[in-house]
Amino acid sequence: AQSSVTIYGKLDLAVGKPVLTEDKQVMDNTGSRLGFRGVEDLGGGLKAVFGMEHRFSPDTGTQANANFWNGYSTVGLVTNFGMVNLGRQYTPAFIMMQNQIDPFGGDTVAAGRDVGMRFGGITKVRVADSIRYDLSVAGFNFGASIAESASNNGGVSNDKPISVAANYSAGPFWVGVGYENPAADEDKVWNIGGRYNFGFMTLAAGYGKGTTAAGADAKGWLIGATVPVGAFDIKAMYAANDVDGAGETKKAGIGAHYNLSKRTKVFADATKIGGSATANLDNKTGYDLGIQHNF
Amino acid sequence: AQSSVTIYGKLDLAVGKPVLTEDKQVMDNTGSRLGFRGVEDLGGGLKAVFGMEHRFSPDTGTQANANFWNGYSTVGLVTNFGMVNLGRQYTPAFIMMQNQIDPFGGDTVAAGRDVGMRFGGITKVRVADSIRYDLSVAGFNFGASIAESASNNGGVSNDKPISVAANYSAGPFWVGVGYENPAADEDKVWNIGGRYNFGFMTLAAGYGKGTTAAGADAKGWLIGATVPVGAFDIKAMYAANDVDGAGETKKAGIGAHYNLSKRTKVFADATKIGGSATANLDNKTGYDLGIQHNF
Amino acid sequence: AQSSVTIYGKLDLAVGKPVLTEDKQVMDNTGSRLGFRGVEDLGGGLKAVFGMEHRFSPDTGTQANANFWNGYSTVGLVTNFGMVNLGRQYTPAFIMMQNQIDPFGGDTVAAGRDVGMRFGGITKVRVADSIRYDLSVAGFNFGASIAESASNNGGVSNDKPISVAANYSAGPFWVGVGYENPAADEDKVWNIGGRYNFGFMTLAAGYGKGTTAAGADAKGWLIGATVPVGAFDIKAMYAANDVDGAGETKKAGIGAHYNLSKRTKVFADATKIGGSATANLDNKTGYDLGIQHNF
């Protein structure tokens with residue numbers, strides 16, 4: 001049985017100071033995980049796929065969420081006409097679009113994803129009790145998911161969460177678009193973005209526009225750059241959003257990530273937030289110095 | 001260390017409608033699990049064995065029970081005179097008898113085990129804080145377990161749960177018997193059953209008779225058939241029980257399970273319940289369409 | 001990915017009677033665990049190391065602590081100038097000193113570690129949100145850790161827990177010293193001890209002296225012996241502590257541990273406690289008969 005399952009994971013810990021606190025601390029804000037996954041070739045292009053991923057906080061040893069397998073837990077089939085998975089899983093709009101623009105990929109204190117691409121509490125990273133379809137052809141990827149209402153809406157409506165995304169890459173060029181209609185009545189959001197790898201630098205930019213569950217207009221954008229310098233990746237991003245009634249949030253982040261190997265890096269990052277929505281908040285700067293290991 | 005532990009598991013998810021609800025949903029009613037187990041050969045017929053099995057609900061990513069290792073968690077010794085295991089484990093009456101008649105093995109909406117072979121809330125699938133002895137000789141298997149009262153009785157008595165079972169198989173023929181005296185004062189149950197593989201079809205039938213914790217007489221029976229047709233297993237079962245005071249419960253189930261490999265299948269099932277005990281209930285039919293992968 | 005992670009663990013279960021109860025029971029007082037760990041060689045003496053260890057109670061199948069990864073969860077770097085780990089981890093004073101004298105290593109009913117080397121509720125086995133530095137040179141080992149206050153002090157102070165330890169071994173000889181200043185205001189403790197392997201027997205003795213969080217003086221000591229006889233290890237220990245205001249606690253323990261292999265043993269132990277601090281307690285004797293398997 002052992003040969004049919006792969007164990008993988010990520011541990012990431014840092015010392016630093018998050019924004020909105022003055023406490024220096026041991027931090028784990030980068031999704032440490034332990035997962036099990038596998039593929040069985042059934043012949044004729046058919047494959048069975050499965051996986052489940054636990055998320056935890058290695059600074060304290062606690063599971064990161066009430067759901068033990070919060071990362072995902074799925075079983076599905078890969079066919080010549082696309083892949084279908086059932087279970088708890090990423091929304092296509094998140095994993096194929098919203099997570100693709102931020103040079104930090106949502107990790108470290110400097111990440112901009114949750115300011116510029118996800119805002120107003122509209123989007124979901126994952127849905128439970130869901131069916132998702134994915135198709136990849138010649139650089140083009142398409143994904144769509146639908147999920148049960150009750151397990152995803154927190155009791156606010158009968159809407160079934162829907163998420164659709166597509167992206168395309170060719171050589172140095174990547175472009176993507178996503179649409180999400182989560183489980184509340186009025187909430188929905190569009191995202192669009194792209195990346196271009198100039199060789200000495202990758203530039204990325206994304207935009208999003210939507211409506212919150214409370215019916216407020218919301219929009220956001222993010223620009224990012226990654227510059228490889230030897231074993232370093234120098235990363236910088238600027239993100240902002242504006243939610244009617246709540247005001248504007250801005251965030252700038254910069255980091256130097258030194259790759260010790262393909263699997264291990266040490267990193268240092270700094271960030272500052274601002275904008276009218278943060279006017280009454282203290283401690284708007286943050287920084288970290290940490291290590292990440294993937295296995 | 002890695003060579004001494006085997007990782008195994010099962011993921012099973014379906015779309016369908018369980019009985020007693022009108023909600024179509026993503027369902028996981030087939031005991032999805034992740035386990036770790038191993039055997040060490042100590043020489044002279046002696047072996048150390050261990051294992052623990054986590055149960056979870058892949059539709060939501062949550063652990064299925066308050067006990068993380070709800071499946072079992074045991075360590076023991078195999079000798080030439082039988083095997084002894086300590087820990088949380090299946091009762092012999094469940095795993096060697098009650099679970100052997102239902103062609104669905106307790107899985108899917110169509111399963112009959114918990115109607116015809118387990119009824120009146122008498123039986124336990126597993127006991128905690130237990131000692132179990134097993135002996136297998138020439139097709140004959142015997143098991144007996146005893147467990148602490150406090151961790152298994154929910155505070156109702158001082159009875160130590162006892163479970164004893166035996167079965168025998170020879171070629172196409174299988175017969176088994178089980179006895180269980182759980183942790184409450186009056187509860188006890190006998191089960192008996194058999195299977196015969198005619199080649200084109202396996203027929204199974206079982207019967208149980210007991211007394212509930214409240215002192216009520218209870219009995220049940222189950223008949224099942226499995227017909228292999230190419231890669232399909234066509235399964236059908238009918239089960240019923242009658243508990244004094246509660247009345248009669250009947251259940252019919254049918255399914256078509258298509259084996260994509262030894263480890264992976266897709267399946268469709270339908271079921272209907274009835275009987276006087278269900279007279280005031282709505283939504284007595286159910287169905288599912290799903291995939292199961294074992295690793 | 002599988003090649004980069006090692007799975008290991010320990011299952012230990014016994015039947016017996018702990019002290020302070022008259023209930024015979026299935027017992028798991030020896031830290032059963034499941035862990036994942038790995039090392040990546042980064043070249044030039046640099047290595048990335050990680051690990052996490054789950055503790056559970058195999059008698060019931062439950063996780064042993066609110067923290068799922070209660071054993072430890074760390075990621076760090078090994079350099080030519082020592083090792084640094086971040087996360088939840090053992091204190092140096094515990095793992096390099098307090099745990100080294102008891103011949104039972106804290107396991108079984110007969111263990112003396114938590115009487116003679118850890119007393120008055122002063123010491124911590126592990127700290128969360130910590131940084132630890134370790135250096136090993138020519139038989140000499142040094143460790144020091146500091147941790148956040150809030151996640152370790154139960155709300156009693158702003159002290160950052162500090163732990164420092166060193167030990168040295170040469171041939172049959174081992175000596176160690178530890179100092180710990182946990183998270184409360186007044187608590188601190190020194191431990192010192194040694195072992196000598198005479199070939200036919202290993203003798204060990206340790207002493208500790210400190211102040212409890214409430215400001216009371218506390219001291220303890222432990223002597224132990226391990227005598228290998230064929231596949232048996234005969235173990236005996238005597239431990240005592242005296243905490244101002246609480247009085248004296250004494251414990252004697254003896255055991256016969258039969259090694260079925262390097263990884264598996266069966267064991268029988270007996271113990272008795274006494275002293276003025278236990279004067280009003282009943283059931284001061286305990287015993288166990290069990291099996292331990294490491295994988």
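## How the copies are related

Let's start with the symmetry of this predicted model. A turn of 120° with a shift of 0.0 Å along the axis lays chain B on chain A, and the RMSD is 0.0 Å. The two copies are thus related as by a three-fold rotation axis. The copies use different surfaces where they meet, with 19% of the contact residues of chain B recurring in chain A.

Chain C and chain B can be treated likewise: a rotation of 120°, with 0.0 Å of shift along its axis, superposes chain C on chain B at an RMSD of 0.0 Å. Only 16% of the interface residues of chain C are also interface residues in chain B, so these copies, too, meet through different surfaces.

## Where chain B meets chain A

Chain B brings 31 residues to this contact, and chain A brings 31 residues as well. Together they bury about 2,600 Å², with 69% of that area on carbon and sulfur atoms. Between chain B and chain A there are zero salt bridges, while 10 residue pairs are in polar contact across the interface, counting pairs with both residues at pLDDT 80 or more.

Which strands of chain B build the side that touches chain A? Strands E1 (6–17), E2 (25–27), E3 (33–43), E4 (46–57), E5 (62–63), E17 (264–274) and E18 (285–294) of chain B each supply at least two residues to that side. E1(B) gives the most, with seven residues. Sorted by class, the side of chain B that touches chain A holds 17 nonpolar, 12 polar and two charged residues.

## Where chain C meets chain B

Moving on to the next pair, the contact draws 31 residues from chain C and 30 residues from chain B. The area buried between chain C and chain B is about 2,600 Å², and carbon and sulfur atoms give 70% of it. For this interface the count is zero salt bridges, and there are 10 residue pairs in polar contact, both residues at pLDDT 80 or more.

On the side of chain C that touches chain B, at least two residues come from each of strands E1 (6–17), E2 (25–27), E3 (33–43), E4 (46–57), E5 (62–63), E17 (264–274) and E18 (285–294) of chain C. The strand that gives the most to this side is E1(C), with seven residues. The class make-up of the side of chain C that touches chain B is 17 nonpolar, 12 polar and two charged residues.

## Two hairpins in chain A

Now for a look inside one chain. Strand E15 (residues 232–243) and strand E16 (residues 247–259) of chain A run antiparallel and are joined by 12 bridges. E15(A) and E16(A) form a hairpin with three residues between them, and in its turn Gly245(A) has a positive phi of about 95°. One of the pairings is easy to find in the structure: Ala240(A) has Lys250(A) in E16(A) as its bridge partner.

What does E16(A) join through 10 bridges? The partner is strand E17 (residues 264–274) of chain A, and these two strands also run antiparallel. E16(A) and E17(A) form a hairpin with four residues between them. Lys250(A) turns up here again, with Gly274(A) as its bridge partner in E17(A). Lys250(A) thus pairs with Ala240(A) and with Gly274(A).

Terms used
Residues numbered from 1 in each chain as written. Chains lettered and ligands numbered in written order. Predicted model: local features only at pLDDT ≥ 70, side-chain atom pairs only at ≥ 80, totals over all residues. Heavy atoms only, no water. Contact = heavy atoms within 4.5 Å. Buried area = accessible area lost by both parts, 1.4 Å probe. Salt bridge = Lys/Arg side-chain N within 4 Å of Asp/Glu carboxyl O. Polar contact = N/O pair within 3.5 Å; in protein donor to acceptor, adjacent residues only side chain to side chain. Nonpolar A, V, L, I, M, F, W, Y, C, P; charged D, E, K, R; others polar. Least-squares fit on C-alpha atoms with pLDDT ≥ 70 in both. Pairing = 2+ DSSP bridges.
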